[in-house]
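User: Please take me through this model in a few questions and answers.
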Amino acid sequence: MNDKIKIEDIDLETLRHSAAHLTAQAVKELFPETQLTIGPPIQDGYFYDFYRETPFVPEDLKKIEDKMKEIAKRNHEIVRKDLTKEEAYEFFREKGESYKKEILDSIDEEIVSIYSQGDFTDLCEGPHVPSTGYLKSIKLLHTSAAYWRGDEKNAGLQRIYGTCWRNKKELKDYLNRLEEAKKRDHRKLGKELDLYTVSEDVGPGLILWHPKGARIRYIMEEFWKKEHYKNGYELVASPHAAKIDLWETSGHTDFYKDNMFSGMDVDGQEYVLKPMNCPFHVQIFKTGLRSYRDLPLRWAELGTVYRYERSGVLHGLLRVRGFTQDDAHLFCSPDQLEAEILKVVDFILFILRSFGFNEFKVYLSTRPEKSVGSDGDWEQATGALKSALEKIELDYEEDPGEGVFYGPKIDIKIKDSLNRFWQVSTVQVDFNLPQRFDINYIGEDGKKARPIMIHRALMGSIERFFGCLIEHFAGAFPIWLAPVQVIILPITDHQVEYVEKIAERLSQENFRFEKDLRNEKIGFKIREAQLAKIPYAIVLGEKEVEAGKIAVRKRKSKETRIMDLEDFISELKKAETEKALD
């Protein structure tokens with residue numbers, strides 16, 4: 001047995017892949033009738049899918065985890081063996097593992113590998129740790145339903161999620177992050193802070209924005225609009241539905257039909273809710289004769305789109321059926337492409353940093369096997385994207401073959417306060433739609449030329465980005481975003497007149513405030529304000545009335561400052577102007 005490899009030298013993906021096998025072995029020892037399917041590593045952990053008629057319950061997870069620890073202590077050597085496919089078929093047939101046969105059918109190679117640990121063997125490419133003794137810092141997290149091959153038409157499976165780390169400290173730190181993430185869950189905070197709801201009477205995946213949530217949305221959108229005008233964009237607007245013919249021309253019925261809502265008959269013609277905004281912007285382009293002197297055209301829209309997402313993947317604000325894209329489409333000539341991409345990436349970073357995101361993962365996705373456009377088009381577009389990233393000095397990873405069929409793209413993930421990454425921004429170069437809709441401009445030579453189209457989203461969607469913000473700030477929004485910036489708390493009814501005077505002055509400056517005039521103890525009202533995560537509380541008693549001052553408490557401080565109202569107003573204005581994040 002190879003005991004010389006240090007666990008510090010083993011990458012986490014290998015460790016977690018091995019932990020998935022350990023989970024499967026424990027399940028088979030406890031519940032022999034269970035059938036095995038697949039168990040890949042994922043970010044921060046792994047899962048294993050099982051076929052079993054009786055659902056796993058929380059008590060089962062405890063038994064499985066205890067059995068995993070027992071097997072780890074046995075320190076079984078993990079041994080690889082190569083078999084022909086026929087030998088593997090026979091091996092798993094004898095064990096009654098029917099799903100392994102389907103997996104083998106999908107493998108082109110004639111030689112496959114299996115890994116054994118003790119009496120347990122699984123089909124796998126590997127690699128794995130030398131022995132089960134390496135798998136000590138493990139934790140099973142939860143179960144969920146799944147479908148074989150991810151297809152709801154196939155058999156229902158049970159998925160067990162787990163995590164595995166190199167040592168107990170890493171595991172403990174991760175579990176602490178999970179607990180913090182639960183506290184920050186945007187679904188929980190959305191309800192507690194009265195920001196939004198999803199109603200079964202309305203339909204899953206459709207968001208109802210409450211006044212406070214809608215206030216934040218308004219602030220986000222106004223900031224977005226203002227910055228677009230400053231950056232040379234024009235705003236457009238398009239309808240929520242269109243004739244099916246539009247989507248047939250654009251190709252969406254070929255590529256996105258399963259994610260489009262069913263059509264509706266209007267005067268004998270089929271209309272569908274829009275899954276994208278881009279064909280509408282192309283139609284605007286077609287309304288007039290365009291010259292090279294008009295380019296680039298930069299058109300942006302906060303356009304609400306509708307996509308049929310399966311109920312099993314809906315998740316609060318992060319995965320919905322109706323959402324508003326912060327969308328834009330740029331039409332440019334080939335020689336303008338690189339400069340426009342550079343401006344777009346710079347604009348993305350400005351917007352993200354304004355909301356408090358300063359660390360990113362950037363991916364450059366190149367031509368997939370199935371694509372449209374010439375080799376020259378792809379080379380030019382990919383080169384322009386790459387050049388923009390290098391000029392801005394953004395580190396990026398190349399993601400070969402992961403571009404969209406109509407062009408290469410840049411994807412940007414933001415890192416939040418819990419070190420999690422969220423996919424938000426994208427820049428995509430498109431040769432397809434200009435060709436499909438036959439749009440042209442008149443070039444310098446007086447001849448027709450085909451524009452290049454750039455699709456781009458800064459935040460991705462208002463809903464998803466808002467969900468990210470809730471969790472990033474744990475609901476404690478910075479002063480410029482907070483739906484209520486100040487709450488005024490009188491100690492007794494004797495200060496109500498002074499409260500109204502303070503309120504009038506705040507109103508004159510367009511600050512967002514509330515008054516708590518309830519007949520409650522001041523400590524209770526302060527606590528309520530803190531739970532509501534309001535940035536500032538103004539506490540008013542007899543001393544403040546007599547001195548013409550205010551007592552100010554910041555959200556995260558127990559300190560009370562005695563201030564002039566005008567000084568406080570100046571502080572608020574400065575924080576708003578600078579978009580201060582504290």
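User: What share of the contacts in the chain with a separation of 6 or more comes from residues 24 or more positions apart?

Analyst: This is a predicted model, in which local features need pLDDT of at least 70, side-chain atom pairs count only at pLDDT 80 or more, and totals for chains, interfaces and linings use all residues. Residues are numbered from 1 along each chain as its sequence is written, and side-chain values use heavy atoms, with hydrogens and water left out. A contact means heavy atoms within 4.5 Å. Among contacts with a separation of 6 or more, the share from residues 24 or more positions apart is 71%.

User: How much of the chain counts as buried?

Analyst: Buried means under 20% relative accessible area, exposed over 50%, and partly exposed in between (1.4 Å probe, protein chains only). The chain has 582 residues. The buried part of them is 51%.

User: Where do the buried residues of α3 lie around its axis?

Analyst: Helix α3 covers residues 85–94 (helices are DSSP runs of H or I, at least four residues, and strands of E, at least two, numbered from the N terminus). Its buried residues are K85, A88, Y89 and F92. Seen down the axis, they fall within an arc of 105° (taken from the directions from the helix axis to the C-beta atoms), so they line one face of the helix.

User: Which residues on the other side of α3 are exposed, and what covers the buried ones?

Analyst: The cover of the buried residues includes β4 (78–84), α4 (98–105), β5 (111–117) and β6 (120–123). On the other side of α3, the exposed residues are E86 and E94.
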